[in-house]
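Got your viewer open and your mouse ready? Let's take a walk through this model, one selection at a time.

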Amino acid sequence: MSFEIYHQLGFRDTWNIDSIQRHGSGDGVIISPKNRKKEKVVSLGSKIKQNAIFDPQFCNPSESIKQMSTYDYYPSQIMPNGFDISTFSDYCSICAAKCVEFQKNNDFRYFIVPTCFHESIPDVDELTDLLYEQYISPFLCSIANTGSSKGIIVQLILNKHMIKNEDYAANLLDWITGIDNINGVYLITELSPRDKQIKDPDFLYSLLKFIDALNQNELDIILGYLNTEALLLSIANPSIVTIGSYENLRIFNPLNFSDKENSQMRLPAPRIFIPELLDWIDFYYIELLIKKIPGFKKLLGENEYTDQMLNPNYNMVSGKAEPYKHYFIESSKQLRGIAQFKDAERYDKLIDIIQSANNKYSEISEKGFEIGDYGSHLPAWLTAANMFASEKGWR
Amino acid sequence: MAFNSEREMVETIKNSNYLKDFSNSGPCLIKEEVTGFFGVPDLIVIRKTPKKHITYAYEAKLTNWKRALYQAFRYKAFVNRSYVIMDHDRVKAAVSHSERFERANIGLISIDNSGKVYHHYRPRNEAPYSSQLESKFNNIISSCELDA
């Protein structure tokens with residue numbers, strides 16, 4: 001089965017919408033209230049909204065983030081003394097009703113049942129009871145009251161311990177697949193600490209198995225906050241994978257949902273996504289790579305932004321749109337390429353892409369480039385993909 | 001005896017004959033931790049010769065030569081010669097991989113507590129590899145008075 005590509009919206013989300021409309025780099029968007037005021041969500045065109053997923057963003061309910069105050073459904077606005085987990089059960093139905101009403105009035109693609117994030121690994125029964133009582137049950141009840149037949153997606157935000165611990169993951173799967181009247185899962189995973197790329201093969205393999213198990217239960221699977229590993233995870237057959245512009249939209253970090261975030265913001269170093277290297281490479285290396293490696297320019301992909309960025313007069317500074325729009329085009333091309341295949345064929349194609357990237361990194365290194373640990377995520381990708389393929393009987 | 005910190009090592013380099021020789025051979029500018037380019041070198045030196053400027057960048061590290069090599073490679077985006085400086089007592093590992101320095105054309109020197117500098121690989125003069133950063137760096141040069 002093929003999959004769709006959604007843009008994880010955040011800061012400067014007009015870039016994403018423009019790219020989808022002009023270049024077909026996505027099939028829809030995941031809207032972030034943290035970055036778009038309520039009025040600006042309401043005023044989005046109906047064509048965008050019909051294909052949009054609205055993430056209510058309850059992941060850190062104890063924080064009251066300024067940008068989200070235009071929405072009336074957050075616990076901090078409804079509970080008289082701010083969010084308090086011990087009394088939230090008394091208010092969760094009001095939050096759910098208001099949030100569901102907003103989702104219904106805007107006619108998004110699905111109803112999303114939000115969740116909160118746990119950094120630790122609570123007892124699985126305690127966790128599932130809490131999520132069911134405070135989020136799933138009140139939301140399902142409010143959705144039922146709308147009389148709508150729209151699909152219902154339950155959000156899950158899992159940390160690495162939850163994913164990697166086989167028993168814990170199995171219990172979570174038992175629980176989520178046993179909930180009636182839901183159509184899918186919007187899965188976000190948190191891996192901490194981590195580098196820009198995921199280099200933990202066990203985490204990747206466990207995640208592939210988790211997605212596959214959801215798939216076996218005929219649930220739609222939306223994978224949020226993905227970096228280039230979207231390509232790898234596609235072999236587990238998700239329904240929707242995401243791409244995003246800034247790193248905080250490609251790597252989930254709960255700190256981004258706290259007021260502390262502002263003090264930590266810094267401008268990203270200019271980088272360009274190189275599809276055939278499966279990574280974003282520092283912009284200043286590109287000129288030399290093109291000079292020293294025959295055919296390197298082709299690896300960047302061909303689009304109007306590549307030409308602009310390679311123009312000697314182009315002033316590459318942080319905050320420019322071109323590297324991100326280039327990424328949207330080239331990553332969506334790569335993802336659509338692999339989406340044409342399924343199961344073992346998709347896995348074979350993925351392995352070809354990873355091995356080809358590995359060879360290119362070797363060539364770069366042999367030419368005397370000392371560019372750090374670029375490419376060091378690929379062995380973990382290969383291991384995870386191969387382990388998963390063995391389990392599926394594809395190799 | 002080994003240095004206790006990179007700062008201590010950089011101070012020793014600054015007071016060494018190695019840097020004094022730059023100043024003695026003509027107009028020269030020495031700056032520490034110049035930001036706004038590609039990485040932050042511990043030291044940069046801009047030397048004026050009769051025909052042109054030659055620019056140098058230095059990354060000092062007590063032990064992690066690989067990290068230093070990656071950083072020094074970045075500085076080649078805007079200078080003519082980039083060096084890794086190691087504590088002389090801990091340079092062995094880097095020297096045993098000198099082929100990587102040669103291949104990347106990154107200089108490798110070490111320094112001891114007395115300020116004596118040892119050359120393990122001398123890089124060739126090369127044009128910076130990023131035209132954008134080269135011209136940005138040249139703006140620094142033209143805005144600075146070089147000491148004679």
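What percentage of the 148 residues in chain B do buried residues make up? The count comes to 41%. Keep in mind as you go that this is a predicted model.

**Stop 1: all of chain B.** Select chain B and switch to a cartoon view. You should find 6 helices and 6 strands. Starting at the N terminus, the elements follow the order α-α-β-β-β-α-β-α-α-β-β-α. Now turn the chain around: along its principal axes, the C-alpha trace spans about 40 × 30 × 25 Å. The radius of gyration of chain B is 14 Å, which agrees with the value near 15 Å for a compact globule of 148 residues. As for contacts in chain B with a separation of 6 or more, 56% of them come from residues 24 or more positions apart.

**Stop 2: strand β4 of chain B.** Select residues 81-87 of chain B, which form strand β4. Are they buried or exposed? The answer is that 7 of the 7 are buried, so this strand is largely enclosed by the rest of the structure. Buried here means that 20 or more other C-beta atoms lie within 10 Å of a residue's own.

**Stop 3: the neighbors of β4(B).** Add residues 53-61 of chain B, and you have strand β3, which pairs with β4(B) in the parallel sense over 6 bridges. For one of the partnerships, highlight B:A60 and B:I85, which are bridge partners. Next add residues 107-111 of chain B, strand β5; this strand runs parallel to β4(B), and 5 bridges join the two. Here you can pick out B:Y83 with its bridge partner B:G107. While you have strands on screen, remember that in a regular strand the side chains alternate between the two faces of the sheet.

**Stop 4: the crossover.** Bring in residues 65-75 of chain B, which are helix α3. Together, β3(B), this helix and β4(B) make a right-handed β-α-β unit.

**Stop 5: helix α9 of chain A.** Now hop over to chain A and select residues 201-216. This helix has 16 residues and reaches 22 Å from its first C-alpha to its last, close to the 22 Å expected at 1.5 Å a residue. Show side chains for its buried residues, among them A:L204, A:Y205, A:F210 and A:L214. What covers the buried residues of α9(A)? The cover includes α8 (166-177), β6 (184-190) and α17 (378-392) of chain A. Finish just after the helix, where A:E218 takes a positive phi of about 60°.

Definitions and conventions
Residues are numbered from 1 along each chain as its sequence is written. Chains are lettered from A and ligands numbered from 1 in the order in which they are written. This is a predicted model: local features need pLDDT of at least 70, side-chain atom pairs count only at pLDDT 80 or more; totals for chains, interfaces and linings use all residues. Helices (H or I, at least four residues) and strands (E, at least two) are DSSP runs, numbered from the N terminus. The expected span of a helix is 1.5 Å times one less than its number of residues. A residue is buried if 20 or more other C-beta atoms lie within 10 Å of its own, exposed if 12 or fewer, and partly exposed in between; C-beta atoms are placed from the backbone. Two residues are in contact if their C-beta atoms, placed from the backbone, lie within 7 Å. Two strands pair if DSSP finds at least two bridges between them. A crossover is right-handed if, with the strands pointing away from the viewer, the path from the first strand over the helix to the second runs clockwise. The radius of gyration is taken over C-alpha atoms; the globule rule is 2.2 Å times the number of residues to the power 0.38.
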